[in-house]
Amino acid sequence: MPSAVVSSQGAVSALRFGRFAAMGTVAVLILIAGVWASWGTAHHVMLTKGRESGTIEVTRCGADTCTGPFTPISEGSRARKSVVIEKNVAVRKGETYTVVVKPGSDDVVRSGPAGVLYAWVPLGGALLLASVVVAGGLRRTRLAWVMAGSGMVLLTAAFVVV
């Protein structure tokens, strides 16, 4: 074989490996960012042992937060005149929600299935975004479809439950 053909094949292999490494790194970083963004809320909702849990009746809403009195459910919890919950599409004035208190604060997050699914919404978006990178950059269409389907199931379940 002529040396030009051998070096051309080596260059093509190097470029393929480079693309695979770069796109794989991008996909992994997107997924890590999704888990990181989700875990900030999810660990309060999923690891509830020793945390105060109860209900909040939303009485006032501002631009970014809503407030209301906290009624304890779990043993060791104390009633509070006012706790703060993030205002989003799932929180409405006049409604009562089960919540978990963030340690050392008067901030609460939704608990139960709705709270767990809502906490993992950033991961669902990351799965959708990473699936495009996996399909286009890594040319792994089956894996990309699985990732996109998982992201859609997570986002749809969160929408339905919340």
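**Exercise 1. Cys66 and its partner**

Task: In this predicted model, classify Cys66 as buried or exposed, and describe the disulfide that Cys66 forms.

Solution:
1. The relative accessible area of Cys66 is 0%. Buried means under 20%, so Cys66 is buried.
2. The partner of Cys66 is Cys61, with the two sulfur atoms 2.1 Å apart. A disulfide requires sulfur atoms within 2.5 Å, so the pair qualifies.
3. Cys61 has a relative accessibility of 33% and therefore counts as partly exposed.
4. The angle about the S-S bond is 105°, and the link of Cys61 and Cys66 is right-handed.
5. A search of the whole structure gives one disulfide.

**Exercise 2. Packing of H2 and H4**

Task: Find how the axes of helix H2 and helix H4 are arranged, and which residues make the contact.

Solution:
1. Helix H2 covers residues 112-119 and helix H4 covers residues 141-161. Their axes come within 9 Å and cross at roughly 140°.
2. Angles over 145 degrees would count as roughly antiparallel, and 65 to 115 as roughly perpendicular. The angle falls in neither range, so H2 is oblique to H4.
3. The crossing of H2 past H4 is left-handed.
4. From H2, the contact uses Pro113, Ala114, Leu117 and Tyr118; from H4, it uses Leu154, Ala157, Ala158 and Val161.
5. Sorted by class, the contact of H2 with H4 holds eight nonpolar residues, no polar ones and no charged ones.

**Exercise 3. Surroundings of Ala90**

Task: Locate Ala90, and state which residues Ala90 touches beyond four places away in sequence.

Solution:
1. Ala90 lies in the loop between strand S4 (80-86) and strand S5 (96-101).
2. The relative accessible area of Ala90 is 6%, so this loop residue is buried.
3. Leaving out residues up to four places away in sequence, Ala90 touches Tyr97, Arg110 and Val162.
4. The C-alpha atoms of Ala90 and Val161 are 9.5 Å apart, although 71 residues separate the two in sequence. Val161 also belongs to the H4 side of the contact with H2.

**Exercise 4. Backbone and exposure of Arg139**

Task: State what is notable about the sign of phi in Arg139, and decide whether Arg139 is buried or exposed.

Solution:
1. Arg139 sits in the loop between helix H3 (121-137) and H4.
2. Its phi is near 55°, a positive value in a residue other than glycine.
3. The relative accessible area of Arg139 is 56%. Exposed means over 50%, so Arg139 is exposed.

Note on methods:
Residues numbered from 1 in each chain as written. Predicted model: local features only at pLDDT ≥ 70, side-chain atom pairs only at ≥ 80, totals over all residues. Heavy atoms only, no water. Axes fitted to C-alpha atoms, helices over the stretch in contact; angles between N-to-C directions. Helix = DSSP H or I, 4+ residues; strand = E, 2+ residues; numbered from the N terminus. Parallel < 35°, antiparallel > 145°, perpendicular 65-115°, else oblique. Left-handed = near helix turned anticlockwise from the far one by under 90°. Contact = heavy atoms within 4.5 Å. Nonpolar A, V, L, I, M, F, W, Y, C, P; charged D, E, K, R; others polar. Buried < 20%, exposed > 50% of the residue type's maximum accessible area, 1.4 Å probe, protein only.
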